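The following explanation considers ring interactions, a nonpolar core and one sheet in turn. Please keep the model in view while reading.

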Amino acid sequence: MGKRNRDKQRKQQQRDGKPADDRDRNNAGWGAGYSEIIKENKLFEQYYKELKIVPDGEFEEFMDAMREPLPATIRITGYKSHAKEILHTLKEKYFKDIQDLEVDGQKIEAPQPLSWYPDELAWHTNLSRKILRKSPLLEKFHQFLVSETESGNISRQEAVSMLPPLLLKIEPHHKILDMCAAPGSKTSQLIEMLHSDMDVAFPEGFVIANDSDNKRCYLLVHQAKRLNSPCIMVVNHDASCMPRFQVDGDGGRETLFYDRILCDVPCSGDGTMRKNIDVWKKWTTSNSLHLHGLQVRIAVRGLEQLAVGGRMVYSTCSLNPIEDEAVIATLLERSEGALELADASADLPGLKYMAGVTSWKVMTKEGQWYQDWSEVPANRHTQIRPTMFPPTDPDKLKDMHLERCMRVLPHHQNTGGFFVAVLLKKSPMPWNRRHPRTRNKTQASSAEAEVAPGVDQPIADSPPSEAPEAEGEGDGETPSELPSSETPATAAAAATDTQQEPTAKKDGVCCPPPSKKMKLFGFKEDPFVFLTEDDPVFPPIQAFYDLSPDFPKLNVLTRTHEGKKRHLYMVSKELRNVLINNSERMKVINTGVKVWSRNNDGEQFGCAFRLAQEGIYTLFPYIRARRITISVEDVKVLLTEENPFLSKLSSSAHEQAKKLQMGSIVLRYQPDPNNPDLPQCPIELCGWRGKTSIRAFVPRNERLHYLRLVGVEVFLNKQGRSRGDDAAATTPEAQEGNATDGDAKSQEGHLWRISRRPQVERTDPAPTGPNL
């Protein structure tokens, strides 16, 4: 309602002698008119009492837990080699100080590791943000969490949200699809597991993270970018009709099938009531009834793209069997033996969960219960579908083993509510065993236009007695019409090869499809242009950095094909294969890690591109020149002073620097296993060798992270918090290290304290999980 209408309504009320609206913004305080949400929902309690998913005698405890705030949970990223060092810092510095602390007479509970998460890399605490800010010691702990989160070394993630990636059992060679990925916390886990081997810059596998919401895709990009991986690609498609991609294989073009698929579908979210309080007010059974069909379609589409022998994890943050066991039962019934529900009980020792249920009922929002599809009146058939009920055949129900599903209840381990199931694909889905016949050029072109990712069409929910027609190969043919003389790969390749390849692909340009829908909705993305081996950009870079002969030039791309190239990015060979072969059928939001940035001042020294900190761990194995080995003291000097003279470096680093001409350099600290008091992880910093000085080009949050590793305590002074300082800290110059001298930092309210690294014996077992 606009201001004019509000004024008009107020005057009319005054003329009628009625009291003015209580929500009058001129008279009411902040938040007036919005009553506090009461954590009560009688329909919710009635529904779950009747379903009996909570053990007898525990329902009141279950409801009490649902009304309590959700504990904060952090996860130390296993992707980076610094995970062990961060864990050591947390346990020996921050957690020990918190144990005996009291704030306003309340004893603070120290954070505890999640018993089921490997290597103590996930912790939970009941510390609220308000408590964190009351004690100076806790405030520093809070700043540590914020800084490390922004630099990608710590992720704030709900405990139960960590379950699906663990159950996928990721290996570095796996091709992974995350179907509904935003906001990206699970995607980050997948990337970390992919990079479990630190010595491999380009794992054979990759992660394609998809989300149907264009704006949420950028949240996903923000999460993924913190990990600086060349093996992640963010795409924007409707997951229920995810396009089937083509890649170049040994025998020519073939269909891309994924080894692992994460299917974390949209849900009613009643397991998140502890953090999303508005669910209490909005919850109704109709939410699940409306989402069930979409959840089935997304899961079916995922299974179609899963490789035989592959593993798909289906998960929701809902406790409702309509969204959980009913979907799994539908998938198993339609698969005709192609799927198996895996027993994952031994995969997460220490996790408390309830086995899946084998019987449930359906209730309308009016409170009407139905035991079976036969009881549903005809006027309800559009809202309630047969797939929402348990199978009626007892033998078929027994063979499904629905008890292998896992439901996490909030009161068992002080978490949110969650459901997860692991599906193994033993053979192709029945409607994929008979493949589409060869079509002529006109038919193929029209069919491709129908399934182009830029114009994804909603798929109608097919009756349970029929194979899902539109959820199959996307060619518009029913399974009964498909001849059995062709394979999916050859048929798809034949359909695609009959079309003329777009000019952009021949030029190595990958860009979003030229669809009217994509032009109208979402942001227009710059193209992805792969460089050729003879591109004039390479010779000066090759000579200046002495790149090794095995450097993958073809994996380098830029975001423009006109004018000067500002930044150069790298992707893995496998992701390049996907990009090059599917530019006409996919909308890519982001991919690649930045490895070089243009610096025009560098042209006079032989190379116009300087190294970028984001991609230094990817690029370092190929650089044979411009390298300086530094000590811990050198790291302190480089990160606390803006332009230290070369003479301030250690004698060894000074001698190495004097032999190099001016320009971009990489500075590397190599850990000494004989001195456990020093950081036991390599540190690689991008820098610039000046005429008489040297400078580190490191983003602010990473700078703070490295300083903590080498024993420099960094925290914000309250008096220095101002809007102007925050703005200054986010400028590109500040992020690239241009405002990092001691005086400038003190003016921004930063306080550097150099202290000795805690001299403690490491009694904790070394993490054996993925560390890179």
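A charge is taken to sit over a ring if NZ of Lys or CZ of Arg is within 6 Å of the ring centre and within 35 degrees of the ring normal. In this predicted model, the charged end of K361 meets that description with respect to W369, over whose ring it sits at 4.7 Å from the centre. R559 is placed over the face of F528, with a distance of 3.8 Å from the ring centre.

The ring of W369 also belongs to a cluster, in which ring pairs link it with F44, Y47, Y48, W280 and W283. In total, the structure holds 19 aromatic pairs. One of these pairs is formed by F202 and Y622; its geometry is tilted, with 6.3 Å centre to centre and 45° between the planes. F202 lies in the loop between α8 (185-194) and β8 (206-210), and Y622 in the loop between α21 (616-619) and β27, so the pair ties together parts that are 420 residues apart in sequence. Buried means under 20% relative accessible area. F202 therefore counts as buried, at 16% relative accessibility, and Y622 likewise counts as buried, at 12%.

Burial leads on to the nonpolar core. In soluble globular proteins, nonpolar side chains tend to be buried together. Here the largest nonpolar core has 144 residues, and L90, F141, I208 and I328 are those with the most contacts inside it. Helix α4 (residues 83-99) supplies the largest share of this core, namely seven residues. For L90, leaving aside neighbours within four places in sequence, the residues in contact are I74, I76, F95, F141, F144 and I154.

The loop that carries Y622 runs between α21 and β27, and β27 in turn introduces a sheet. This open sheet of four strands has the order β27-β28-β29-β30, and its pairing is mixed. Strands β27 (627-630) and β30 (694-696) stand at the edges; each has a single partner strand, so one side of each is left without a neighbour in the sheet. From one strand to the next, the twist averages 35°. Over four bridges, β27 pairs in the parallel sense with β28 (residues 663-669), and within these strands I628 stands opposite L667. Helix α23 (residues 651-658) packs on the sheet, where it touches β27 and β29 (683-689). The direction of α23 makes about 170° with that of β27.

Conventions. Residues numbered from 1 in each chain as written. Predicted model: local features only at pLDDT ≥ 70, side-chain atom pairs only at ≥ 80, totals over all residues. Heavy atoms only, no water. Pairing = 2+ DSSP bridges. Helix = DSSP H or I, 4+ residues; strand = E, 2+ residues; numbered from the N terminus. Axes fitted to C-alpha atoms, helices over the stretch in contact; angles between N-to-C directions. Contact = heavy atoms within 4.5 Å. Phe/Tyr/Trp six-rings, centres within 6.5 Å; stacked < 30°, edge-to-face > 60°. Buried < 20%, exposed > 50% of the residue type's maximum accessible area, 1.4 Å probe, protein only. Core = buried A, V, L, I, M, F, W, Y, C linked by side-chain atoms within 4.5 Å.
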